[in-house]
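Work through the following exercises with the sequence and the coordinates open beside you, and try each task before reading its solution.

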There are 2 protein chains.
Amino acid sequence: MPQAAHTPSAAMIVIGDEILSGRTRDSNMHHLAMALTGHGVPLAEVRVIGDDRAAIIAAVQVLSRVHDHVFTSGGIGPTHDDITAEAVAAAFDAPIGVRDDARAILAAHYAARGTELNTARLRMARIPDGATLIENPVSAAPGFSLHNVHVMAGVPTVFEAMVASVLPTITGGAPLLSQQLTVHRGEGDIAGPLSDLADRHTDLSFGSYPFIRGGAFGVNVVVRGTDGARLNAAIAELAAIFPPDIA
Amino acid sequence: MPQAAHTPSAAMIVIGDEILSGRTRDSNMHHLAMALTGHGVPLAEVRVIGDDRAAIIAAVQVLSRVHDHVFTSGGIGPTHDDITAEAVAAAFDAPIGVRDDARAILAAHYAARGTELNTARLRMARIPDGATLIENPVSAAPGFSLHNVHVMAGVPTVFEAMVASVLPTITGGAPLLSQQLTVHRGEGDIAGPLSDLADRHTDLSFGSYPFIRGGAFGVNVVVRGTDGARLNAAIAELAAIFPPDIA
């Protein structure tokens, strides 16, 4: 078997009191998880923290050391509780201030709309020295990448646009593929055979996700790996053990 | 002003490869966040990690030291990838094995359905020494509380039932209240006045959540605190600065 190349790994930091209080239901984690899986950069860990400078600095420092990429969501708007940019700069001891390239983007955007580029909005042009801007085609105010940390907005439409901007700049690995088989049995009935199968296919991962539908138990078995032929073989074995007609 | 009582804090650990791969969209975090906010035990941090023993142990050890309560979701079923119970026991150096009280619950449940209590299902009766069982009215297999860590299922219906079982056993603080005012302005227009308001009401927290609806910008301003009268005063001040008829 060929030696596997280094698989890059990623972490995410979701920033915002409104997520932790339950006021807002986060959707950015799920979006990023799917995008990274398709790009071959598995998401290894997510931390959800509040609008707290010390917590942001600590999470950025720990996760940027352990993972190839860290993605943040939230806290880069114009208001007093938008402290992510300052905190990420502090995590790397990078100076931060209003940068001409970011100011020019905002100035053009607001001029076209007849809106004043006031002090609050100008906060969104504060970018750490050495950072690369991340394009925001929705509302102009850019995100940025500093070292291996990609700082993006929390508003889902903007977050998703920024993910689309930044992902092509990141070297991906082999995309993680998955196949699924639905078995109409209780999870306790399939656990033994599934464990045996997992032992015989150590290059694949096997997950089982029970459900109750119309009063009947069932399990979705998901096999994951990077080699499509190996996935097919495992799913065929699984289907032989649990034929789909046993409902 | 009276001295504030200790406000208990909580953390959550969401466990499951399927969340990180994007296959499954987690809903337990949002459910727990709302339930804890209502109970006066603010959720301070969430970590989402994979089905990885070392990662579970590390997260449990760190978070159970820092917070009054830790809630876990996922990984307590009958299959080979359900390793949460063993890992939580290991985090506290607690012995774990099939416990009679948990076995009796499973035996009664499966006997009533004519289903075999096989080796795989018996895994769900593995409970650490010293743990208290958490009732599962949906599918019988119990969760457990060990020290300040509450171990619950990942399936949302079961998770939610377990939260309802365990929350009354936890001493809550004053529930966090919130009020919201929708302002039909750009976030950059309200940032200055909002920051002044926050400086004058240091016992409250102010969040601003921009939206785009039908092509128009607006902001939902949320004021949070435990004193309803103070919230009313702040919202009245805010409404005076940004009268609702300015759309």
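**Exercise 1: the interface**

Between chain A and chain B, 18 residue pairs are in polar contact, both residues being at pLDDT 80 or more; a polar contact is a pair of N or O atoms within 3.5 Å, where within protein one must be able to donate a hydrogen and the other to accept it, and residues adjacent in sequence count only if both atoms are side-chain atoms. This is a predicted model, in which local features need pLDDT of at least 70 and side-chain atom pairs count only at pLDDT 80 or more, while totals for chains, interfaces and linings use all residues. Residues are numbered from 1 along each chain as its sequence is written, chains are lettered from A and ligands numbered from 1 in the order in which they are written, and side-chain values use heavy atoms, with hydrogens and water left out.

Task: determine which element of chain A gives the most residues to the side that touches chain B.

Solution. Helices (H or I, at least four residues) and strands (E, at least two) are taken as DSSP runs, numbered from the N terminus. The elements of chain A that give two or more residues to this side include α2 (28-39), β2 (43-49) and β11 (216-225). The greatest share comes from α8(A), with 8 residues.

**Exercise 2: strands across the interface**

Task: state how β2(A) and β2 of chain B run where bridges join them.

Solution. The two strands run antiparallel and are joined by 5 bridges, where pairing requires that DSSP finds at least two bridges between the strands. Within this arrangement, Val46(A) stands opposite Val48(B).

**Exercise 3: salt bridges**

Task: find how many salt bridges cross the interface of chain A and chain B, and then examine the pair of Asp203(A) and Arg230(A).

Solution. A salt bridge is a side-chain nitrogen of Lys or Arg within 4 Å of a carboxyl oxygen of Asp or Glu. The whole structure holds 12 over all chains, and 2 are found across the interface; Asp189(A) and Arg121(B) form a salt bridge at 3.3 Å, N to O.

Asp203(A) and Arg230(A) meet at 2.7 Å, N to O. Asp203(A) lies in the loop between α8 (187-200) and β10 (205-213) and Arg230(A) in helix α9 (residues 228-241), so the pair ties together parts of chain A that are 27 residues apart in sequence. Asp203(A) is partly exposed at 34% relative accessible area, and Arg230(A) is partly exposed at 29%, where buried means under 20%, exposed over 50% and partly exposed in between (1.4 Å probe, protein chains only).
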